[in-house]
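Let's walk through this one together, starting at a single residue and ending in empty space.

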Amino acid sequence: MSAARTIICLLRNDLRLHDNEVFHWAQRNAEHIVPLYCFDPRHYLGTYCYNFPKTGPFRLSFLLDSVKDLRATLQKKGSNLLVRQGKPEEVVGDLIRQLGSVSAVAFQEEVTQEELDVEKGVKDVCSQLKVKVQTFWGSTLYHGEDLPFNHISRLPDVYTEFRKAVETRCRVRPVLPTPDLLKPLPPGLEEGPVPTHQDLGQLDAPADSRSAFPCSGGESQALARLQHYFWDTDAVASYKETRNGLIGVNYSTKFAPWLAMGCISPRYIYEQIKKYERERTANQSTYWVVFELLWRDYFKFVAMKYGNKIFALEGLQGKSVPWKKDMTLFNAWKEGQTGVPFVDANMRELAQTGFMSNRGRQNVASFLTKDLGLDWRMGAEWFQYLLVDHDVCSNYGNWLYSAGIGNDPRENRKFNMIKQGLDYDNNGDYVRQWVPELRGIKGGDVHTPWTLSTAALSHAQVSLGETYPSPIVMAPEWSRHVNKKPSGAAPSQGRKRGPSHTPKQHRDKGIDFYFSRSKNL
């Protein structure tokens with residue numbers, strides 16, 4: 001199109017300037033650009049089935065950081081970020097009428113129902129006001145138009161088939177250049193205040209010194225994290241060995257929260273991985289970062305293929321399972337009071353920091369669906385509420401998988417909570433960090449306090465059913481691992497113990513959630 005007067009760039013989950021085609025296109029086609037972010041009141045209502053808050057305090061803090069950071073970045077580039085509270089379709093309509101010079105509205109496409117409803121609303125108002133709509137695909141590593149499946153309905157139902165197809169038949173598009181200066185806003189627009197937690201009906205997020213994700217939102221922070229994890233520390237070169245850790249910031253990339261809000265581009269991460277492999281080292285760890293980005297892509301494309309089935313109780317296979325809705329069991333799970341220390345530690349970490357390791361998520365999801373038999377949507381919606389990195393496609397995709405009703409044909413995978421705890425927290429340090437009432441129990445015994453003698457419990461100042469609950473459920477397979485615990489003795493000299501160091505025999509097992517045919521997890 002010829003040089004236009006004003007283009008509104010409606011930003012949602014793409015809160016960045018680098019590699020953002022919305023800005024790239026507007027910059028080439030406008031005299032004035034209006035970057036806009038709307039705090040949509042529908043994001044602060046209850047979840048669909050169980051009415052938990054849709055957006056919790058940790059993700060809201062991260063979002064507020066991200067909006068402020070983008071505003072600062074745009075101001076340095078001669079622009080600004082308009083912030084409004086309201087439904088995007090209504091705010092966009094008001095701006096078009098106010099300005100009188102808007103020729104187009106541009107935004108990044110999403111794939112799930114609520115986001116598609118917003119897109120339809122924006123398109124409808126633009127159609128009424130005779131304004132062009134320009135949309136872009138920008139949330140995945142591989143562009144949606146580049147997939148080698150002819151149509152999304154042909155997307156493979158097994159991740160490995162998808163991965164092999166895109167790795168051999170697709171290329172990642174290059175990162176778009178970041179403009180030095182942006183076209184200015186039209187005169188006379190109020191920038192609008194960034195709301196507070198209280199404005200949006202939320203409490204402030206508490207800080208916790210134990211958090212494995214003590215990071216702020218925003219593009220600047222995301223780029224700094226990549227610089228630190230790749231170039232300053234070379235941590236990326238050992239990612240595959242450490243990614244099943246539980247304590248600390250550097251056991252994994254921690255890119256997920258920034259990816260979820262679009263503060264960092266997956267293509268930029270890929271470009272930096274390729275640069276790192278050329279200049280430093282290429283190994284299984286550097287490949288594994290790309291491997292995980294492909295999982296994220298896959299869940300996004302699965303959501304495109306299956307639509308609202310990803311939210312259905314019966315899942316993608318239409319499978320009828322007699323799920324329970326026992327709120328007593330659910331409350332014990334969400335509050336970290338199940339009496340199973342590895343589950344409780346993870347659930348308390350989530351409640352108090354908004355973050356949980358990948359290893360933890362797989363275990364607590366398996367416990368809720370397979371050990372407690374509860375409606376998997378209870379877990380998915382609780383995660384949606386609390387996770388700082390909630391991404392609707394990845395969250396629901398993983399929960400469907402855990403519940404055995406996803407698109408992978410292998411079923412009935414069940415994690416053994418005791419084996420997993422001993423495998424990944426062999427000395428019990430992680431449990432003691434988050435379940436302080438068990439701190440008196442040394443070594444791996446902390447994973448099974450109900451097996452200890454009355455004298456041992458008394459010595460540790462633990463009274464089951466009083467200071468810490470007895471298990472709300474017992475799985476028969478747990479007993480196979482009760483006698484394999486490391487004792488409370490100090491670790492042998494020179495051997496790294498504890499959750500920051502994945503035991504050698506388990507270093508290649510992190511993806512067993514997806515690939516292992518073994519039922520003895």
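**From a loop to a cavity**

T253 counts as buried, because its relative accessibility is 11% (buried means under 20% relative accessible area, exposed over 50%, partly exposed in between, with a 1.4 Å probe and protein chains only). This is a predicted model, where local features need pLDDT of at least 70, side-chain atom pairs count only at pLDDT 80 or more, and totals for chains, interfaces and linings use all residues. Residues are numbered from 1 along each chain as its sequence is written, and side-chain values use heavy atoms, with hydrogens and water left out.

You'll find T253 in the loop between α7 (239-242) and α8 (helices are DSSP runs of H or I with at least four residues, numbered from the N terminus). Leaving aside residues up to four places away in sequence, T253 touches R225, Y229, Y239 and V289 (contact means heavy atoms within 4.5 Å). K254 sits in the loop between α7 and α8 too, and is buried at 3% relative accessible area. Its phi is near 60°, a positive value in a residue other than glycine.

Now for the lining of the largest cavity (on a 1 Å grid over the protein atoms alone, a cavity is a set of points where a 1.4 Å probe fits but cannot get out, and lining residues have an atom within 4 Å of a point). α10 gives the largest share of that lining, six residues. By class, the lining has 18 nonpolar, 10 polar and seven charged residues (Ala, Val, Leu, Ile, Met, Phe, Trp, Tyr, Cys and Pro count as nonpolar, Asp, Glu, Lys and Arg as charged, and the others, Gly among them, as polar).

Conventions
Helix = DSSP H or I, 4+ residues; strand = E, 2+ residues; numbered from the N terminus.
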